Amino acid sequence: MPVFTTRFSTLPIEDVRVGAFRIPTDAPESDGTLIWDATTLIVVEIAAGGERGLGYTYANAGVATTIATDLEPLIRGRDAMDIPALWAAMFARLRNFGDAGSSAMAVSAVDIALWDLTAKQLGVPLVALLGRAREALPIYGSGGFTSYSDEQLQQQFRGWTELGLTRFKMKVGREPARDRDRVKLARAAIGDSALLFVDANSAYTRKQALEFARIFADEADVRWLEQPLAPSDLTGLNF
């Protein structure tokens, strides 16, 4: 019996570049559980067929080392458009490092670059390649850090309002006793018609999460409370 095969054209990966960039903030910032004065951005560029794909992740500089040492030699020369196979190979290569945390961040940055490269090779926007459900999406301004004074919080949100934004997200949870008033100040700054979201970054207890969800909705028409508990607290998240 004859064996039929189909040979697809390949797009060999010619070059992989990765860098770690520490970007300082203009002042110390904080959310419900962390304080920082800089953000480290890992950037990956993958070249093939005259195009370059761009990928990134937020992580420590060690993730860039993992990409350069373990993943770059693995994917160089392979078909850039064979993304599922590359994805599986990368996680297999990082097996002894685990499949979450830094390993997942490293693979994610490369994966994004591969999809961006494929979209460019096909001459289509990435959203068209992946498939879309809507013609457009509104953006939201994310800030309102817990390190901000009340005046800074309102100034930031008013500034975004003047730029035309209608959706805003702020940080809560570092000082729960102040959250009620801070959320009211944010609502006053953006007006009644804008949408307001809050992010606790796992700072709340289960009882606090339930209480503040009610208070925020009733007093400031908050539409979403993000990460009130730790992601590992599955029981609490199903409370």
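A residue is called buried when its relative accessible area is under 20%, exposed when that area is over 50%, and partly exposed in between. By that measure Asp-150, with a relative accessible area of 27%, is partly exposed. The model described here is predicted, and this briefing takes up an open sheet of three strands, two helices that pack on that sheet, a set of salt bridges, and two residues with positive phi values that lie in a loop.

**The sheet**

- The three strands of the open sheet follow the order β1-β2-β3, and their pairing is antiparallel.
- At the edges of this sheet stand β1, covering residues 15–30, and β3, covering residues 51–58, each of which pairs on one side only.
- From one strand to the next, the twist averages 20°.
- Eight bridges join β2, which spans residues 35–48, to β3, and the sense of this pairing is antiparallel.
- Val-43 has Tyr-56 of β3 as its bridge partner.

**Helices packed on the sheet**

- Helix α1, made of residues 62–75, packs on the sheet and touches β1, β2 and β3, while its direction makes about 160° with that of β1.
- Helix α3, made of residues 101–122, also packs on the sheet, where it touches β2 and β3, and its direction makes about 150° with that of β3.

**Thr-57, a buried residue of β3**

- Thr-57 belongs to strand β3, and its relative accessible area of 10% means that it counts as buried.
- Leaving aside residues up to four places away in sequence, Thr-57 touches Thr-40, Leu-41, Ile-42, Val-63, Met-105 and Ala-109.

**A nonpolar patch on the surface**

- Tyr-56, Tyr-58 and Ile-112 make up a nonpolar patch on the surface, and together they have about 310 Å² of accessible area.
- Of these residues, Ile-112 has its place in helix α3, and it is partly exposed, with a relative accessible area of 30%.

**Salt bridges between separate elements**

- The count of salt bridges in the model comes to 18, and among them is the one in which the side chains of Arg-22 and Asp-37 meet at 3.2 Å, N to O.
- Because Arg-22 lies in strand β1 and Asp-37 in strand β2, this pair ties together parts that are 15 residues apart in sequence.
- The two partners differ in their exposure class: Arg-22 is exposed, with a relative accessible area of 57%, whereas Asp-37 is partly exposed, with a relative accessible area of 44%.
- Another salt bridge forms between Asp-150 and Arg-178, whose closest N and O atoms are 2.8 Å apart.
- Since Asp-150 is in helix α5 (residues 150–162) and Arg-178 is in helix α6 (residues 176–190), the pair ties together parts that are 28 residues apart in sequence.
- Arg-178 counts as partly exposed at 28% relative accessibility, and Asp-150 is likewise partly exposed, with its relative accessible area of 27%.

**A salt bridge within one helix, and a network**

- Within helix α6, Asp-179 and Arg-182 are three residues apart, so they are separated by about one helical turn.
- The side chains of Asp-179 and Arg-182 meet in a salt bridge at 3.9 Å, N to O, and both of these residues are buried.
- Asp-15, Arg-17, Glu-45, Arg-52, Glu-72 and Arg-76 are joined into one network by salt bridges that share partners.

**Positive phi values in a loop**

- Asn-201, although it is not a glycine, has a positive phi of about 50°, and it is found in the loop that runs between β6 (195–199) and α7 (206–220).
- With 13% relative accessibility, Asn-201 counts as buried.
- Ser-202 is found in the loop between β6 and α7, and its phi is near 70°, which is a positive value in a residue other than glycine.
- Ser-202 is partly exposed, with a relative accessible area of 22%.

Notes: Residues numbered from 1 in each chain as written. Predicted model: local features only at pLDDT ≥ 70, side-chain atom pairs only at ≥ 80, totals over all residues. Heavy atoms only, no water. Pairing = 2+ DSSP bridges. Helix = DSSP H or I, 4+ residues; strand = E, 2+ residues; numbered from the N terminus. Axes fitted to C-alpha atoms, helices over the stretch in contact; angles between N-to-C directions. Contact = heavy atoms within 4.5 Å. Patch = residues over 30% accessible without salt bridge, like charges linked within 9 Å, V, L, I, M, F, W, Y side chains within 5 Å. Areas by Shrake-Rupley, 256 points an atom, 1.4 Å probe, with all protein chains shown as cover. Salt bridge = Lys/Arg side-chain N within 4 Å of Asp/Glu carboxyl O. Buried < 20%, exposed > 50% of the residue type's maximum accessible area, 1.4 Å probe, protein only.
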